[in-house]
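Student: Could you take me through one part of this model in detail, namely how two of its helices pack together, and then follow the chain outward from there to the charged pairs around it?

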Amino acid sequence: MRWTSPFCLLLCDTLGVRANASGTALELAEGECAAARLALARFPGMPSVAAPQVDGLSVDPDQALDAAARILADSRQPLFGGLGTDVAGARALYRLATETGAICDAARGPALMHTVRTLQDRGGYSTTLAEVRNRADLLVFLGGLPGGGAAEFMARCGVGEAGSPPRHLVLLGGSPEEQAGLAALTGRAELTMESLPLQGDLFDTVALLSALVARRAVPAPPPGLAALAERLLAAHYAVLVGQTDAMPAHGNLLIEAANRIVATLNTATRAAAMWLGGGNGAGTVNEVFTWLSGLPLRSRNGPGGVEHDPLCFDTARLLAEGAADSLLWVSCFDPDGIAPGTQVPLIVLGHPDLAASAQRVGSVFLPVSTPGIGSPGHLFRADGGTVLPLVPLYRDTLPTLAEVLGQLLQRVQALRAKAVP
């Protein structure tokens with residue numbers, strides 16, 4: 001059976017999975033995806049068994065749901081964070097957030113906001129993995145090669161495969177290890193490559209490249225960057241690639257500068273950009289909230305209606321300033337995706353290993369199934385326009401996040417109805 005990995009940005013869908021010899025963990029039996037291989041080792045080769053907790057003590061599910069409902073019903077400004085789930089979980093989160101007036105922000109929210117803010121301010125350009133695979137003859141990697149949840153980008157785009165289009169790869173900046181990794185591709189079919197140093201920082205370098213592509217007068221332009229500008233202008237289909245998790249602060253300005261290059265190129269040829277981010281379900285939740293409310297994450301349905309503030313509605317800022325009085329944290333895919341340290345009442349929903357992060361007084365833990373492992377689901381791929389189904393490897397004993405949130409919503413509504421005089 002072919003399996004789609006929910007653990008990587010590219011949703012690798014040509015993998016096979018089996019339990020290891022002892023049955024204690026899952027492992028890849030076919031195909032390769034570094035992110036999937038690491039994540040599978042954290043899941044047993046059989047349905048998960050875990051108990052809910054209140055104040056660090058094991059309880060039955062109804063007690064945990066009641067305790068969580070009381071926290072939300074008593075909260076004047078809840079914060080929903082993490083948001084590591086699939087489409088169905090995101091829809092359930094939205095309904096609960098609307099009922100409670102919660103602010104919603106994903107884990108690694110600042111990285112997610114790089115692309116959101118750019119799209120809001122200036123618009124943008126995008127492409128798909130299939131377009132890159134079939135058409136791109138020039139790939140420029142800004143600041144580093146794709147890694148982590150996008151480590152299989154080269155393979156997914158057919159880089160170096162026999163029969164693939166001739167391509168030139170450019171690494172703009174990047175570590176010595178990444179430069180060596182790029183050099184290791186030398187000799188593959190129809191493939192050339194180079195690594196160029198930054199001129200100042202990445203912001204300065206991309207701005208300078210933008211000026212060169214636009215044929216603006218640049219005193220003593222660096223030869224390598226000038227040659228890259230000419231190569232971009234001559235390419236049939238150039239794609240600029242960046243990973244949002246690796247971008248510095250104010251990465252949206254970097255994306256805007258890259259988009260100016262793409263806009264200039266598109267007056268005479270064809271070009272696009274691909275921004276890899278939104279892993280662990282964050283990109284999916286952002287898509288779902290946007291289509292349901294018209295606004296992306298870092299929004300709330302509060303007393304003034306639906307509000308969006310990409311700067312103020314930041315998890316770290318809200319907790320540091322005491323602006324949220326409860327935190328509901330969701331991490332279905334990442335067992336290491338623990339909630340930030342806080343003394344406000346805490347509700348954690350996710351992988352059974354997260355139980356250790358909800359041991360204090362005032363906390364509730366509810367284990368839920370992981371889509372693509374113990375339950376079916378759907379996720380958006382990093383290129384944005386593709387939704388892939390997740391086929392479970394077994395039927396879990398744990399409920400789905402959507403089921404838990406549906407019960408939690410009913411309890412919150414009942415508590416609030418009782419409180420109305």
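Tutor: Two packed helices are described by the angle between their axes and the distance between the axes. Here an axis is a line fitted to the C-alpha atoms over the stretch in contact, and the angle, which runs from 0 to 180 degrees, is taken between N-to-C directions. Please keep in mind throughout that this is a predicted model.

With those terms in hand, consider helix α8, which spans residues 202-213, and helix α10, which spans residues 251-265: they pack at an angle of about 15°, and their axes lie 9 Å apart. Because angles under 35 degrees count as roughly parallel, α8 is described as roughly parallel to α10. The crossing that α8 makes as it passes α10 is left-handed. On the α8 side the contact is made by Leu202, Phe203, Val206, Leu209, Ser210 and Val213, while α10 contributes Leu253, Leu254, Ala257, Ala258, Arg260, Ile261, Thr264 and Leu265. Sorted by character, the residues of this contact comprise eleven nonpolar, two polar and one charged.

Moving on along the chain from α8, one comes to a charged pair. Arg215 forms a salt bridge with Glu230, and the closest N and O atoms of the two are 2.4 Å apart. Arg215 lies in the loop between α8 and α9 (223-234), whereas Glu230 belongs to helix α9 itself, so the salt bridge ties together parts that are 15 residues apart in sequence. Arg215 counts as exposed, at 55% relative accessibility, and Glu230, at 39%, counts as partly exposed.

The loop between β10 and α10, on the other side, holds two residues that deserve a careful look. One of them is His250, which is found in that loop and has a phi near 60°, a positive value in a residue other than glycine. His250 is exposed, with a relative accessible area of 53%. The other is Asp245, which forms a salt bridge with Arg108, the closest N and O atoms being 3.1 Å apart. This pair links distant parts of the chain, since Asp245 sits in the loop between β10 (237-243) and α10 while Arg108 sits in the loop between β6 (103-106) and α4 (109-122), 137 residues apart. Arg108 has a relative accessibility of 58% and counts as exposed, whereas Asp245, at 37%, counts as partly exposed.

These pairs belong to a wider set, for the structure holds 20 salt bridges. Another of them joins the side chains of Arg42 and Asp336, at 3.0 Å from N to O. It too links distant parts of the chain: Arg42 is in the loop between α1 (34-40) and β3 (53-54), and Asp336 is in the loop between β14 (326-331) and β15 (346-350), 294 residues apart. Arg42 is partly exposed, with a relative accessible area of 31%, and Asp336 is exposed, with 53%. Arg42 and Asp336 are also linked with Asp353 in a network of salt bridges.

Finally, His250 may be set beside Leu11, whose phi is near 45°, again a positive value in a residue other than glycine. Leu11 lies in the segment before β1 (16-19) and counts as buried, at 2% relative accessibility, whereas His250 is exposed.

Technical notes
Residues are numbered from 1 along each chain as its sequence is written. This is a predicted model: local features need pLDDT of at least 70, side-chain atom pairs count only at pLDDT 80 or more; totals for chains, interfaces and linings use all residues. Side-chain values use heavy atoms; hydrogens and water are left out. Helices (H or I, at least four residues) and strands (E, at least two) are DSSP runs, numbered from the N terminus. Angles under 35 degrees count as roughly parallel, over 145 as roughly antiparallel, 65 to 115 as roughly perpendicular and the rest as oblique. A crossing is left-handed if the near helix is turned anticlockwise from the far one by less than a right angle, and right-handed if clockwise. Contact means heavy atoms within 4.5 Å. Ala, Val, Leu, Ile, Met, Phe, Trp, Tyr, Cys and Pro count as nonpolar, Asp, Glu, Lys and Arg as charged, and the others, Gly among them, as polar. A salt bridge is a side-chain nitrogen of Lys or Arg within 4 Å of a carboxyl oxygen of Asp or Glu. Buried means under 20% relative accessible area, exposed over 50%, partly exposed in between (1.4 Å probe, protein chains only).
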